[in-house]
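Me: Please take a close look at chain B for me. Start with how you define pairing, then take me through the chain in one go.

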Amino acid sequence: MLLADIANLIRSKNAGPFTLTFDIMFADLASYRRVKDSGALNPAAFAKLYRCPVEKVCFFECENALAFKFSIPRPLTQGELGDGDMHGGQQFIPLMNLEIP
Amino acid sequence: MAPDKFQQIRFISPVGSVGGGICCAALDEALAQAPHFIACDAGTTDAGPFSLGMGMPIFPREAVKRDLSLMLRAGRKANIPVLIGSAGTAGGDVHVDWVLEIAREIVAEHHLTLRMAVIYAEQDKAYLKRLLQQNRILPLDPAPPISEGIIDSSSRIVGMMGVEPLQQAIADGADFVLAGRCSDSALFAAIPLMQGFPPGLAWHAGKVSECGTLVCEALGKGVIFTTISQDEISIRPYGDGLRCTPQRVAAHSMYENSNPYLHRECSGTFDLTNSTFDAIDDVTVRIRGSEFISEPYTVKLEGAALAGYQSIIVGGIRDPRVIGQLESWLAGVRGYIDESVSHVLGDELDKSSYSLIFHAYGFNAVMGSLEPDQTHLPHEVGIVLEVTASTQDLAHKLAQLSRQPLLHYPIKDWAGSITAFACLHNPAVIDRGPVYRFTLNHVAIPSTPAEMFRTHFIDLCRSEESCS
């Protein structure tokens, strides 16, 4: 199954002008645990999708929010010439198709 | 304040940002619950560096005036303080003065009497350079390089204040605190901390309340009403159909933060690792267990510098033969433009002194090289040609010189002259004015929490009374 079919919200957003943060959220504990237990959502998988060094990926499992969180340095600082997403809100798309076994 | 102030403190977060549109009915409903103060954030860096660099707010004046008027009148009616932070979007001195003028109008129009504390957060460049020399400016991660030159070239630098200047203003009798750049959570934590409520709860209450109803299950019109006691926070909305649920409040605690558990403020870090969230009723959530760790005092800096002046051309491409070779076609257009520029403006500038960027919508404009679907060809592509140069005049001329190459640059698949670019406007060139970039992601270490912020008291009163 794809991550987008299990999560009820996948979003990206600036966390300040220099960091992008990604939240993956679920409607219930079973869905959250299913993804957590699969082990498919991890810093190495994220680094591959976002073509950044794995040591730059911060990863958090937040069971009380039924959410996972990733944060990485912004590929381009917010508003820098060439930045096409001022709020960072449309950068989550590669996560949608992550296969969850 | 109410006699129960030591058992419980209650506050209203009327809207996520001053100017966002306060719901009057919900505000009235919350006011009936005897709050001790009203606080509201008015700023963000989320819209980009322009507001800070240019000194302009992002909300229309009328929208700010409406919300501020509702808050100030509610505060006077209930005889409780009102706190506004990050005035005018970026919280620079010019932004604060813009809101101050609006506040003066409101006071006059509604015959209010107010003791106002205006706290300025803009930083003196000579002061910052002294701190830099003393290694008292440290980078966050990631941070762009810093130097005296970067400080000098920034058009404006603000420091993000914590609770201390706000608390001093309240202690000195302010009914209305109008603050420059300020931590969102600090606006709500300042008074509870003065009254001895646990710091972890005071800060966390601010964090979950500051975005208004964004903390609710579904966004809607309403206000947030938060209560802090010695061992818990309760948070609920007032407004039709709005609910706070444990999951949403927990999720909001992580919103727009790189670390969901640790939130750095001037005086330390609030730690949500052990926070628990549970439902009191259908609309109210209880939070417990949030902690605060005191740390050496730092003040976050934000700066913006002029990146140049921009002109753009907007249009689209429908020809499948051009779309089929879009990258090489755009490279050809760019080469042609560079050549025209050197023919016309040759001695005046070289290629490194201007920037020419094609944003090709439908063709990875949003995600660039991170786009996972690199194979799909759209039937139509939108193009924004963005030219940035050292003056508006030059950017405009460069964009003018770009129009013909965009229109007519040939492909081998058609014989003769083509017009491949569907230009949207006449005149084709739109001048965007100055554009800015963020220059700092650093913290300063001042000698005292007060030294970076300047507070002025202004007593405003209805015209027929004396203020003294």
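Reply: Two strands pair if DSSP finds at least two bridges between them. Strands (E, at least two residues) and helices (H or I, at least four) are DSSP runs, numbered from the N terminus. This is a predicted model: local features need pLDDT of at least 70, side-chain atom pairs count only at pLDDT 80 or more, and totals for chains, interfaces and linings use all residues. Residues are numbered from 1 along each chain as its sequence is written, with chains lettered from A and ligands numbered from 1 in the order in which they are written.

Start with a hairpin. Strand S10 (residues 262–265) and strand S11 (residues 268–271) of chain B pair in the antiparallel sense, over four bridges. Two residues lie between S10(B) and S11(B) in this hairpin. Glu265(B) on one arm faces Gly268(B) in S11(B). The side chains of S10(B) alternate. His263(B) and Glu265(B) point to one face and are buried (20 or more other C-beta atoms, placed from the backbone, within 10 Å of the residue's own; exposed is 12 or fewer, partly exposed in between). Leu262(B) and Arg264(B) point to the other face and are not buried. Such alternation between the two faces of the sheet is what a regular strand shows in general.

Now the sheet of ten strands. Those strands form an open sheet of mixed pairing, in the order S12-S13-S9-S8-S1-S2-S3-S7-S4-S21 of chain B. Strand S12 (276–279) and strand S21 (454–460) of chain B are the edges; each has a single partner strand, so one side of each is left without a neighbour in the sheet. On average, neighbouring strands of this sheet are turned by 20° against each other, direction ignored. At one end, strand S4 (residues 114–120) of chain B pairs with S21(B) in the antiparallel sense over seven bridges. There, Arg115(B) has Asp459(B) of S21(B) as its bridge partner.

Next, the helices. Helix H1 (residues 24–31) of chain B lies across strand S1 (8–13), strand S8 (223–229) and strand S9 (233–238) of chain B. H1(B) runs at about 20° to S8(B) (axes are lines fitted to C-alpha atoms, for helices over the stretch in contact; angles run from 0 to 180 degrees between N-to-C directions). Helix H8(B) lies across S1, strand S2 (37–43), strand S3 (82–89) and S8 of chain B. The angle of H8(B) to S2(B) is about 160°.

What does H8 of chain B give to the largest nonpolar core? First, the core itself. A nonpolar core is a set of buried Ala, Val, Leu, Ile, Met, Phe, Trp, Tyr and Cys residues joined through C-beta atoms within 7 Å. The largest has 131 residues, and those with the most contacts inside it are Ile38(B), Ile84(B), Ile119(B), Val177(B), Leu178(B) and Ala179(B). H8(B) (residues 184–194) gives the most to this core: seven residues. Take Val177(B). Leaving out residues up to four places away in sequence, Val177(B) touches eight residues' worth of neighbours, among them Pro81(B), Leu83(B), Ile84(B), Ala117(B) and Ile119(B). A second, separate core of 27 residues includes Val341(B), Ala360(B), Ala399(B) and Leu406(B).

Helix H9 (residues 199–209) of chain B has eleven of its eleven residues buried, so it is largely enclosed by the rest of the structure. Buried residues of H9(B) include Trp203(B), His204(B) and Lys207(B).

Finally, the backbone oddities. Most residues other than glycine have a negative phi, and most peptide bonds are trans. A cis peptide bond joins Asp141(B) to Pro142(B), with omega about -5°. Pro142(B) sits in the loop between strand S5 (137–139) and helix H6 (148–153) of chain B. Another cis bond, with omega about 0°, joins Asn426(B) and Pro427(B). Pro427(B) is in the loop between strand S18 (422–423) and strand S19 (429–438) of chain B. His111(B) is not a glycine, yet its phi is positive, about 55°. His111(B) lies in the loop between helix H4 (93–110) and S4 of chain B. Is His111(B) buried or exposed? His111(B) is exposed, with 12 other C-beta atoms within 10 Å.

Methods:
Two residues are in contact if their C-beta atoms, placed from the backbone, lie within 7 Å.
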